[in-house]
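Trainee: Could you walk me through how the pieces of this model pack together? I'd love to take it one contact at a time.

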Amino acid sequence: MMFEILDAEVLGIITLTLRMTLFSTAISSLIGIPLGLWLDSARFAGKKLVVIINRTLMASPPVVVGLVVYLLLMRNGPFGFMGLLFTFEAMVIAQVLLLTPIICGIVHTASARSAEGIRLFARTMGANKTQTQLLLIKELGNDIFFAVVTGFGRAMSEVGAIMIVGGNIRHQTRTMTTTISLLRGMGEIHQAIFLGAVLMLIAFSVQMTADFFRKRERASDENF
Amino acid sequence: MKISKLTKNFERFSLFVDEMELVPGKIYGIIGPNGCGKTTAMKLIAGLIKPDSGQIDRCGLTERDITMAFRKPYLIRDTVVRNLTYPLTIRGIQPDERQIKESLSLAGLWDYRDSFAPGLSSGEQQKLSLLRAMIFSPKLMLIDEAFSNLDMESAGLFERMILERQQTNPATYLICAHQLSHIQRLCAYIFFMHKGKIEARGQAEDILYAPQNPHLKNYLKYASLREEAPGWNS
């Protein structure tokens with residue numbers, strides 16, 4: 001039964017989903033982590049508004065993001081000449097737009113809570129700017145890791161935006177979530193459940209890894 | 001180090017230090033009631049915050065020559081040893097293993113050398129932060145109530161360490177403590193602060209045993225000082 005379900009097409013779908021998730025999480029992390037750290041340390045007029053806008057974007061509905069990306073990439077849109085609509089790249093762009101505010105927001109919140117103390121400590125030790133930034137990233141490692149894991153989970157489970165910009169094209173832009181949606185519509189419940197289980201298993205593995213690293217660094221509240 | 005006409009204003013508090021001079025190699029005390037501006041003054045001296053006006057002449061000392069130990073120390077999310085050697089690492093200095101072992105053993109932390117430092121008890125964390133601040137031999141060390149979490153034996157150990165270092169490798173210390181016995185044993189000269197200003201200053205014995213300022217007299221009313229001569233460092 002399992003070998004029947006796990007054919008080449010399904011494996012292709014799983015691989016494509018993982019590739020898309022990894023790419024979009026990596027790009028979003030590269031943008032969102034420095035942005036979150038910068039947002040905490042920077043002093044400028046309108047900073048509060050920027051933070052509120054980012055928080056709003058954290059909760060932006062995927063279908064809306066998908067629609068925006070669709071309008072940008074459609075043939076008559078401003079980036080239509082690039083021919084990206086209904087491609088893997090279009091799905092990654094939509095995912096990056098969804099994930100970056102989430103990663104940035106989590107890193108910013110963590111940074112706002114602890115970064116000042118870390119910077120102060122670094123200065124008392126005589127650390128230069130680069131050493132202070134490195135220490136900050138190291139000390140906020142758990143939170144940054146959590147932000148990345150959250151982004152990964154969001155990318156993995158997302159369906160609305162990638163359905164619009166990817167088009168759910170067989171062998172090209174069909175991911176696990178869009179396939180589950182399609183299979184349910186076709187009444188292929190067993191395959192939908194199987195893919196759902198695989199999706200959950202991957203999400204569980206990621207969370208287990210995250211938990212393993214978080215446990216290693218747990219501080220004691222006890223005073224012996 | 002010379003400070004003149006230094007001001008720092010906050011929403012509900014203003015600090016004004018008209019004049020303060022710290023001579024290299026001496027141990028100074030700074031005392032005063034809660035909220036009088038001791039920590040702010042120390043942070044200004046350390047260069048951790050900027051004054052609104054006034055001058056601080058650090059006489060050639062850079063940020064790397066100055067350190068400050070706080071009542072609530074910050075420990076890196078790493079092992080005890082890596083915390084201790086952090087100031088050396090960022091200076092590109094190879095830690096001396098014998099010195100590390102000696103320092104940690106003295107403070108009773110050698111057995112925990114590979115433990116996660118933020119998991120230590122508050123007193124142990126405090127000891128580690130003091131050792132860490134001293135390991136790179138800063139020229140100016142500001143200690144802001146950093147003895148407050150220590151038991152008497154540990155506090156005595158650090159007092160001895162400071163005094164012994166003064167014989168071999170003298171540095172300037174500015175120590176803030178509410179337990180005046182530390183100030184009495186360590187400091188030659190004391191500043192008394194009240195409501196953001198230095199209201200009294202002088203030799204330790206004059207400040208502690210013959211106070212003239214009414215606020216200082218009131219502050220010392222409940223202090224229990226030993227009879228031995230103050231200012232071992234003098």
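Trainee: Which hand does the crossing of helix 3 of chain B and helix 4 of chain B have?

Mentor: Happy to start there, and do keep in mind that this is a predicted model. Helix 3 spans residues 97–106 and helix 4 residues 122–135 of chain B, and their axes lie 10 Å apart at an angle of about 145°. The hand of that crossing is right-handed.

Trainee: What is the class make-up of the residues in that contact of helix 3 of chain B with helix 4 of chain B?

Mentor: Let's look at both sides. Helix 3 of chain B brings Gln99(B), Ile100(B), Ser103(B) and Leu104(B), while helix 4 of chain B brings Leu128(B), Leu131(B) and Ile135(B). Sorted by class, that gives five nonpolar, two polar and no charged.

Trainee: Is helix 4 of chain B roughly parallel or roughly antiparallel to helix 5 of chain B?

Mentor: Helix 5 of chain B covers residues 152–168, and its axis comes within 11 Å of the axis of helix 4 of chain B, crossing at roughly 5°. Angles under 35 degrees count as roughly parallel. So helix 4 of chain B is, relative to helix 5 of chain B, roughly parallel.

Trainee: How many charged residues are in the contact of helix 4 of chain B with helix 5 of chain B?

Mentor: From helix 4 of chain B come Lys127(B), Leu130(B), Leu131(B), Met134(B) and Ile135(B), and they meet Ser154(B), Phe158(B), Met161(B), Ile162(B) and Arg165(B) of helix 5 of chain B. The contact has seven nonpolar residues and one polar residue, and its charged residues number two.

Trainee: Over to chain A: how many helices are there?

Mentor: The C-alpha trace of chain A spans about 65 × 50 × 25 Å along its principal axes. From the N terminus on, its elements run α-α-α-α-α-α-α-α-α-α. With zero strands in chain A, the helix count is 10.

Trainee: Why are helix 4 of chain A and helix 5 of chain A called oblique to each other?

Mentor: Helix 4 of chain A is residues 62–73, and its axis comes within 10 Å of that of helix 5 of chain A. The two pass in a right-handed crossing. Their axes cross at roughly 130°. That angle is therefore the reason the pair is termed oblique.

Trainee: Which class makes up the contact of helix 4 of chain A with helix 5 of chain A?

Mentor: Helix 4 of chain A offers Pro62(A), Val65(A), Val69(A) and Leu73(A), and these meet Ala90(A), Ile93(A), Ala94(A), Leu97(A) and Leu98(A) of helix 5 of chain A. No polar and no charged residues take part; the nine there are nonpolar.

Trainee: Which element gives the largest share of the lining of the largest pocket?

Mentor: That pocket holds about 670 Å³ of space, and 29 residues line it, with Glu116(A), Gly117(A), Arg119(A), Leu120(A) and Phe121(A) nearest its centre. By class, the lining has 13 nonpolar, seven polar and nine charged residues. Elements giving two or more residues include helix 2 of chain A and helix 4 of chain B. The largest share, 11 residues, comes from helix 5 of chain A.

Definitions and conventions: Residues numbered from 1 in each chain as written. Chains lettered and ligands numbered in written order. Predicted model: local features only at pLDDT ≥ 70, side-chain atom pairs only at ≥ 80, totals over all residues. Heavy atoms only, no water. Axes fitted to C-alpha atoms, helices over the stretch in contact; angles between N-to-C directions. Left-handed = near helix turned anticlockwise from the far one by under 90°. Contact = heavy atoms within 4.5 Å. Nonpolar A, V, L, I, M, F, W, Y, C, P; charged D, E, K, R; others polar. 1 Å grid on protein atoms, 1.4 Å probe; cavity = no way out; pocket = protein on both sides within 12 Å on 5 of 7 lines; lining within 4 Å. Points joined across faces, edges and corners; volume = space filled by probe spheres on them. Parallel < 35°, antiparallel > 145°, perpendicular 65-115°, else oblique.
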